[in-house]
Amino acid sequence: MRNYGIRFECITMRPHDHIGWIFDGPTGFDALAAPFLAEGAERGERLMYIAADPDPAAVSGLGAAIASHGVQVASIAEVYGATGVVDPSALLAMFTAIFVDALAAGYRGIRVVADNTPLVTDEARLAAWFRWEIIADRFMSENPATAVCAFDRGKVDVNRLRHLATLHPLSAADSTEPRYRLFAEAGHLRVEGRIDSFAVSQIPLALEVLPPRTGVLIDLATSRLTSRAPLTGLRQLSDSGVTVTIRGKPDSLSHLAGAGLMPSERLILQPAKAAPA
């Protein structure tokens, strides 16, 4: 199981961790990047620092461990393109190549910290970024990659920040906790939190960019279906050919069946395994 939930500090980050973090101004971004990259240096990972207009001199001030290990500094335009509307397929190919090269060079994985604020400043950019976050999270779930997606609180609307938090299994404790999260786990798209009709409506958008036959997993130990309305959406999703697995205690599953969510070939009500004695 991947790490998910809230973090009070951006430390003890390990491969497969993917966190959304809110910061305040350029100094806030560097204060976030320093301990995160220092951990990666200790772990023998390839380091990447991405910002709108990065100053190599500022990076040298992030700490001796980082400076001696080395860090690739890049601008947003160099990595994500000059328009700000990202191409998810091209980005996946690029980061896959970076990852393969890093392993070939003897690194244990890759670790990326990026100020992505300019990439979510309008609806077109946000829509493209949504697709990329889903693809990138799947990549991180399957490979030893660790990332911080950082956004400047003063430049991004709070509702947009709340939406961005839903695309990360981890988020900062001092930002608004998302009502739900979408993230990859064991080949599934996991939906976690308070699941309402809007959350269910986001699932097909995420599945569009994931590998065919990706299933949906909801664990009632950490999730709650808020009403009958999302049950209808999940039924429609399974009727469309998506395998939806809802895991929970027998009484919780019986309650769902009683509310009209009857199991089928594509809608699986899976009893949770009993905790070891």
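**Close-up 1. Ser 223 in strand β11 of the predicted model.** Strand β11 covers residues 223-225, and Ser 223 is part of this strand. The relative accessibility of Ser 223 is 8%, and buried means under 20%, so Ser 223 counts as buried.

**Close-up 2. The surroundings of Ser 223.** Apart from neighbours within four places in sequence, Ser 223 is in contact with Val 191, Glu 192, Gly 193, Ile 195 and Ile 218. With Gly 193 there is also a polar contact: the side chain of Ser 223 reaches the backbone nitrogen of Gly 193 at 3.3 Å.

**Close-up 3. The start and length of helix α9.** At the start of the helix, a side-chain oxygen of Ser 227 comes to within 3.3 Å of the backbone nitrogen of Ala 229. Helix α9 has twelve residues, 228-239, and at 1.5 Å a residue these should span 16 Å. The C-alpha atoms at the two ends of α9 are 17 Å apart, which agrees with that expected span.

**Close-up 4. The two sides of helix α9.** Pro 230, Leu 231, Gly 233, Leu 234, Leu 237 and Ser 238 are the buried residues of α9. Seen down the helix axis, these buried residues fall within an arc of 160 degrees, so they line one face of α9. An α-helix has 3.6 residues a turn, so residues three or four places apart point the same way. On the other side of α9, the exposed residues include Arg 228, Gln 236 and Asp 239.

**Close-up 5. Gly 241, just after helix α9.** Here the backbone of Gly 241 takes a positive phi of about 110 degrees.

Conventions
Residues are numbered from 1 along each chain as its sequence is written. This is a predicted model: local features need pLDDT of at least 70, side-chain atom pairs count only at pLDDT 80 or more; totals for chains, interfaces and linings use all residues. Side-chain values use heavy atoms; hydrogens and water are left out. Helices (H or I, at least four residues) and strands (E, at least two) are DSSP runs, numbered from the N terminus. The expected span of a helix is 1.5 Å times one less than its number of residues. Buried means under 20% relative accessible area, exposed over 50%, partly exposed in between (1.4 Å probe, protein chains only). The arc is that of the directions from the helix axis to the C-beta atoms. A polar contact is a pair of N or O atoms within 3.5 Å; within protein, one must be able to donate a hydrogen and the other to accept it, and residues adjacent in sequence count only if both atoms are side-chain atoms. Contact means heavy atoms within 4.5 Å.
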